[in-house]
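Biologist: Could you walk me through one part of this fold up close, and then show me how the rest fits around it? Take your time.

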Amino acid sequence: MRPDLGNWRARCSFGLWANAFYCMRSLFIFVLIACGWPALAQLTHTTRLELPITPTWNEKYALLPLGERGGLVAYHRVDDYSRQPHQFRFIRIDTALATRWAFEFKLPEKYVPLQTFDNEQYLFHLYSQPNSEKIAVMRLNLEDGAIDFYDGQMPSGLDISQFKVMGNVAYLSGYYRSRPVVMAFSLFDRSFRIFQGLYVNHMELGSMEVDPFRQEVHVLTHSPKKRCQFAVRSYSPDGKPLRIIEYDGLQQSLITGKILPISADESLLVGNYSADCTPYSQGIYVTRIYHNETGKLTVRTDRGEAIRYFDFSKLKNFFNYMNPKRQQKLLARVLKRRQLGKDYKFHYRLLVHELMPTPTGLRMAAEVYFPQYKSSPSSMFYNRTLLLNSMSSAAPFYSYTPRPAIDRSSVGYQYTHAFICEFDRQGNLVWDNCLPIKELSDIALSQKVQVLSKDDQVVLAYTKDAQITTQLIERDSVLRSDEPVKMQTGLDTEKVLSSADDAVQAWYGPHFVATGYQKIIPPRGSNRLPRDVFYLNKLRYDTTPAAPVAAQKGN
């Protein structure tokens with residue numbers, strides 16, 4: 001069924017492919033019940049789902065976890081010989097990995113996928129027609145699979161970098177002729193509105209955040225050539241300016257920011273800052289936004305009254321990714337600089353996660369990395385690519401942009417460690433902790449560490465070489481650092497010949513879900529054929545702590 005380019009609803013049947021999928025799914029769930037999973041350390045495999053792939057096709061899968069509601073598996077195939085080359089299948093699963101429903105969708109011709117966004121109710125896809133101003137938004141209801149399609153024509157070209165939706169309005173941010181632009185696209189009447197005050201020279205877009213509670217859109221900008229000015233620009237849903245908060249100063253320069261509401265009138269702005277207007281982080285900061293204020297406000301970042309700064313050297317566990325001897329040498333250099341009345345300048349780059357609210361404040365996690373050049377291919381780069389992110393309502397759960405094959409000139413990123421901090425509602429640091437990341441690199445900068453929380457206990461996890469590394473912490477103590485757990489199939493006798501894009505995501509309660517691609521060969525003498533699959537492994541983490549770890553060992 002080919003949809004009209006207007007508002008439409010489509011509910012498609014499975015067809016022959018889906019019947020085959022049901023048979024395969026039932027087979028492998030039966031195998032798991034019959035054979036079970038071996039208990040591996042504190043992370044135990046419980047259930048597995050396999051979806052077939054054809055290596056000669058241009059296809060990919062992605063999973064959007066939905067907590068205790070289950071998840072959504074998205075399948076995307078590109079068939080260049082078809083009039084409608086982009087074909088999608090959306091499969092809603094429950095927490096037992098059983099299918100609730102599945103629907104197909106064929107993207108109208110000439111459109112190509114750009115970005116995704118999700119909230120509690122819907123998954124949104126953004127499409128565009130190359131070399132034109134035409135865009136379209138697909139909205140998928142996560143409960144019943146109903147699909148709506150909205151198309152429109154932008155008033156001007158836009159190199160789109162971010163896509164968010166609030167209510168019946170989609171928000172697009174990007175650049176036109178090297179200047180930032182944010183526009184609102186009404187899904188109701190297909191009209192566009194351009195936000196005021198952004199189309200100027202020497203301004204860079206940071207993040208764009210939507211606040212459904214207050215019905216505000218926040219655009220964070222950075223002006224390197226204007227005293228490293230960092231600003232939070234807030235707008236009404238239809239693009240009218242509400243307030244501008246400019247953070248201006250030379251000694252402390254804000255780099256990034258995330259906003260979390262803490263009351264009806266206040267939010268906390270949390271991010272990282274530099275000491276000399278560079279992209280290198282010196283530490284993290286916390287400040288407040290008062291939503292009852294309007295107009296233009298200026299905050300001097302050189303003064304400590306309005307902003308609280310936490311230098312990395314003031315964090316208790318930030319450097320625990322190092323071995324003790326290296327850590328002592330670094331802290332000694334920091335102390336020597338302070339005795340001379342100078343600050344020690346760090347050269348860390350941070351990938352800051354979405355803020356996590358707690359009953360008494362918030363938690364912030366970030367990954368520390370540095371750019372590097374890779375001289376040869378390795379197992380971490382694959383042609384079949386999913387950029388699996390944080391699964392929060394503000395982050396897309398997969399990217400349509402393929403990564404190129406690696407060569408000697410390609411730039412990659414080396415991750416050293418992740419850290420997590422908790423703040424109270426007054427912006428006071430309650431505790432911090434650290435997860436060492438050993439020899440993990442990637443060509444694309446994306447979130448690698450997942451966070452699973454239960455009260456004061458937090459599990460941190462990441463994947464490397466088809467193995468999951470976990471660490472259990474409680475506030476500033478490390479309760480357990482587990483040995484890596486290898487991804488497995490449903491049968492002990494089967495062998496994974498190769499794997500790609502292995503990832504782990506926090507799901508619900510004590511559960512993670514691992515995903516990726518595997519080529520599986522059966523045991524010798526078996527009449528089964530080798531198979532290529534996209535797998536989902538449900539994992540349970542036992543938080544029963546062992547004796548506390550006295551000190552973490554770094555590299």
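In the hairpin of strand 28 and strand 29, which residue takes a positive phi?

Modeller: That's Gly 427, with a positive phi near 85°. There are four residues between the two strands of this hairpin. One thing to keep in mind throughout: this is a predicted model.

Let's stay with the hairpin for a moment. Strand 28 covers residues 411–424 and pairs with strand 29 in the antiparallel sense, over ten bridges. One cross-strand pair to look for is Phe 419, whose bridge partner in strand 29 is Cys 434. Strand 29 itself runs over residues 429–442, and ten of its 14 residues are buried, so the rest of the structure largely encloses this strand.

Now go back towards the N terminus for another hairpin. Strand 3 and strand 4 have five residues between them, and here Gly 67 in the turn has a positive phi of about 65°. Eight bridges join strand 3 to strand 4, and the two run antiparallel. Ala 62 has Ala 74 in strand 4 as its bridge partner.

Strand 4 deserves a good look. Eight of its eight residues are buried, so strand 4 is largely enclosed by the rest of the structure. Both of its faces are covered. Gly 71, Val 73, Tyr 75 and Arg 77 are buried on one side, while Leu 72, Ala 74, His 76 and Val 78 are buried on the other. So Ala 74, the residue that pairs with Ala 62, belongs to the same side as His 76.

On to the next partner. Strand 4 (residues 71–78) is joined to strand 5 (residues 86–93) by eight bridges, again running antiparallel. Two pairs are easy to pick out along this seam: Tyr 75 stands opposite Arg 89 in strand 5, and Arg 77 stands opposite Gln 87 in strand 5. Both Tyr 75 and Arg 77 are on the side of strand 4 that includes Gly 71 and Val 73.

Put together, these strands belong to an open sheet of four, with the order 3-4-5-6 and antiparallel pairing. Strand 3 (58–65) and strand 6 (99–106) stand at the edges, each with a single partner strand, so one side of each has no neighbour in the sheet. The twist from one strand to the next averages 15°.

Further along the chain there is an open sheet with the order 11-12-13-14, also four strands with antiparallel pairing. Its edges are strand 11 (159–166) and strand 14 (192–194); each has a single partner strand, so one side of each is left without a neighbour in the sheet. Ignoring direction, neighbouring strands of this sheet are turned by 25° against each other on average. Inside it, strand 12 (residues 169–176) and strand 13 (residues 179–186) pair in the antiparallel sense over eight bridges. For a landmark there, find Tyr 171, which stands opposite Ala 184 in strand 13.

Two single residues are worth a stop as well. Ser 274 is in strand 21, which spans residues 266–274. With 1% relative accessibility, Ser 274 counts as buried. The side chain of Ser 274 reaches the backbone oxygen of Thr 278 at 3.1 Å. Leaving aside residues up to four places away in sequence, Ser 274 touches Gln 251, Gln 252, Ser 253, Ile 255, Tyr 280 and Gln 282.

The other one is Glu 293, in the loop between strand 22 (283–290) and strand 23 (295–300). Glu 293 is partly exposed, at a relative accessible area of 33%. Glu 293 and Arg 243 lie 50 residues apart in sequence, yet their C-alpha atoms are 7.1 Å apart in space.

Stepping back to the whole chain, you'll count two helices and 37 strands. Of its 555 residues, 56% count as buried. Among contacts with a separation of 6 or more, 57% are between residues 24 or more positions apart. The chain exposes about 24,900 Å², and carbon and sulfur atoms supply 51% of that.

Last, the confidence. The mean pLDDT of the chain is 83, and 83% of the residues reach 70 or more. Over residues 1–41 the pLDDT is below 50, and this stretch has 85 contacts in the model beyond near neighbours in sequence. Residues 376–396 also have a pLDDT below 50, with 66 contacts beyond near neighbours in sequence.

Technical notes:
Residues are numbered from 1 along each chain as its sequence is written. This is a predicted model: local features need pLDDT of at least 70, side-chain atom pairs count only at pLDDT 80 or more; totals for chains, interfaces and linings use all residues. Side-chain values use heavy atoms; hydrogens and water are left out. pLDDT is the predictor's confidence in each residue, from 0 to 100. Contact means heavy atoms within 4.5 Å. Buried means under 20% relative accessible area, exposed over 50%, partly exposed in between (1.4 Å probe, protein chains only). A polar contact is a pair of N or O atoms within 3.5 Å; within protein, one must be able to donate a hydrogen and the other to accept it, and residues adjacent in sequence count only if both atoms are side-chain atoms. Accessible areas come from the Shrake-Rupley method with a 1.4 Å probe; for residues, only the protein chains shown count as cover. Two strands pair if DSSP finds at least two bridges between them. Axes are lines fitted to C-alpha atoms, for helices over the stretch in contact, and angles run from 0 to 180 degrees between N-to-C directions.
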